[in-house]
Amino acid sequence: MMTRRGLLKMAGALPLMACLPSPGGAQDVVDFAQLKEGYAQRLKNILAAGGLPYVDIESSCNSTKLDIDSIAHSMDRLNIGLMALSADIGKGQFEHWVRFDNLSERLLARYPDRFIPVGNGGQAPALTEATDEFLDAQEAAAKAKKIMLLGEFEFRHYPSPRQVKRNELDRDATIPIDGPIGHRVFGISATTGLAFQIHYEIEDELLAPLENMLAQYPKARVIWCHLAQIRYIERASRYTSTYVDALLRRFPNLYFDTAFGDANSIYPLSKQHHARVWAGDGTLKAEWRDLIAAWPGRFLSALDLGGDRLNRIEEYDRKHRAFLNALPAATQHQVAYRSAWSLLFGTEFA
Ligand SMILES: [Zn+2]
């Protein structure tokens with residue numbers, strides 16, 4: 001049911017409601033131009049009130065457990081501009097043959113000025129056990145202009161710290177990025193022009209296959225999530241700010257998101273401080289700050305909220321803002337929302 005307040009909110013943001021689901025349940029094509037107008041207004045409102053809005057380019061959830069109003073209200077309270085909140089297709093849904101979760105349609109129907117329509121999380125079991133059906137559905141949504149962004153696809157993913165805590169060690173994804181699934185995903189991005197997100201742990205031996213794919217698909221637009229998040233330093237001798245700088249030079253369609261822990265965050269399996277951008281005293285290391293300042297258009301704000309931590313949005317916001325604050329002032333605005341704007345719309349935010 002749509003509340004009166006929800007309707008008023010939508011009416012205020014978007015005079016023409018082309019993005020509403022039709023009564024039959026099928027969705028009209030999302031009108032990106034209208035969404036863009038609503039997004040711009042929301043960002044400008046926050047800026048005019050003296051806040052720094054940001055675009056969270058990478059968060060995910062279990063759509064069957066999501067409290068949409070609660071997350072929308074948190075965004076207002078915390079001055080979060082926009083969020084690309086993707087639905088992971090969980091095991092229960094997968095068993096019922098869900099291959100595309102229409103969460104974005106539901107989010108836009110309720111709050112069209114703050115959610116970016118995004119494809120589903122590319123992870124097991126959907127990505128690994130029903131690869132073709134799952135990717136066909138993501139590609140169809142992209143081609144039908146129902147989404148602006150794809151992912152996050154988990155090519156190499158160690159168990160997350162919270163899964164380690166819960167002793168769920170089976171999420172240890174290894175999908176060769178230069179194998180059939182990788183080629184399919186890079187191909188979808190290259191042909192549709194939509195960016196996609198990858199989760200790809202940083203290991204020496206994984207770098208060359210990714211570089212080869214970037215070289216082979218120059219039109220694919222890749223967001224490598226979690227800048228400088230290295231869980232095992234002994235496996236990653238080559239990844240430095242100089243290495244990332246060289247990648248940015250070589251591959252104009254490569255971006256990085258800045259979802260990483262704070263200086264105290266420890267990856268429990270290796271017991272290492274895995275957010276390598278921070279110095280021991282908690283300040284942003286000069287080499288990473290300088291790299292981001294040199295390529296501000298290639299770095300994106302991100303919270304990486306997940307189904308098991310949506311209630312910690314305030315803490316994640318505080319930590320992300322501490323990172324933004326450590327950047328030069330002009331760079332802050334670029335990373336916070338301007339980079340995402342250019343990536344999504346191909347124009348500067350004005
Ligand atoms: Zn990730």
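The protein chain folds into 14 helices and 10 strands, where helices (H or I, at least four residues) and strands (E, at least two) are DSSP runs numbered from the N terminus. Everything here comes from a predicted model, in which local features need pLDDT of at least 70 and side-chain atom pairs count only at pLDDT 80 or more, while totals for chains, interfaces and linings use all residues. Residues are numbered from 1 along each chain as its sequence is written.

How confident is the predictor? The average pLDDT of the protein chain is 92, and 92% of the residues score at least 70; pLDDT is the predictor's confidence in each residue, from 0 to 100. Residues 1–27 are another matter, with pLDDT under 50 throughout and 32 contacts beyond four places in sequence in the model. Two residues are in contact if their C-beta atoms, placed from the backbone, lie within 7 Å. Where pLDDT is low, the predicted coordinates should not be read in detail.

As for overall shape, the C-alpha trace spans about 55 × 45 × 40 Å along its principal axes. A compact globule of 350 residues would have a radius of gyration near 20 Å, and the 19 Å of the protein chain agrees with that. This radius is taken over C-alpha atoms, and the globule rule is 2.2 Å times the number of residues to the power 0.38. Of the 350 residues, 44% count as buried, meaning that 20 or more other C-beta atoms lie within 10 Å of the residue's own; with 12 or fewer a residue is exposed, and in between it is partly exposed, with C-beta atoms placed from the backbone. Looking at contacts between residues at least 6 apart in sequence, 78% join residues at least 24 apart.

Strand β1 (residues 55–61) has seven of its seven residues buried, so the rest of the structure largely encloses it. The chain goes from β1 through helix α3 (residues 68–78) to β2, making a right-handed β-α-β crossover. Right-handed here means that, with the strands pointing away from the viewer, the path from the first strand over the helix to the second runs clockwise. Strand β1 and strand β2 (residues 82–87) run parallel and are joined by five bridges; two strands pair if DSSP finds at least two bridges between them. Across this pair, S60 sits opposite S86 of β2. On the way into β2, the loop after α3 holds N79, whose phi is positive, near 60°, in a residue other than glycine. N79 has 17 C-beta neighbours inside 10 Å and therefore counts as partly exposed.

A mixed, open sheet is built from six strands in the order β4-β3-β5-β6-β7-β10. At its edges stand β4 (173–174) and β10 (299–300), each with a single partner strand, so one side of each has no neighbour in the sheet. Strand β3 (residues 149–157) runs antiparallel to β4, and two bridges join them. H157 has A173 of β4 as its bridge partner. Strand β3 also contains E152, and the peptide bond between G151 and E152 is cis, with omega about 15°. Another cis bond runs from A124 to P125, with omega near 0°; P125 is in the loop between α5 (103–110) and α6 (126–129). In the loop between α7 (131–143) and β3 lies K145, which has a positive phi of about 60° although it is not a glycine. Most residues other than glycine have a negative phi, and most peptide bonds are trans.

What about the nonpolar core? The largest one has 93 residues, of which I116, L149 and F196 touch the most other members. Helix α14 (residues 329–345) gives the most to this core, with seven residues. A nonpolar core is a set of buried Ala, Val, Leu, Ile, Met, Phe, Trp, Tyr and Cys residues joined through C-beta atoms within 7 Å. Leaving aside neighbours within four places in sequence, L149 is in contact with A84, I116, V118, G119, L194, A195 and L344.

Helix α9 (180–192) is followed by a loop that leads to β5 (195–200) and holds G193. I188 belongs to helix α9 and, with 20 C-beta neighbours inside 10 Å, counts as buried. Beyond four places in sequence, its contacts are L135, Q138, E139, A142 and L150. G193, by contrast, is exposed, with 12 other C-beta atoms within 10 Å.
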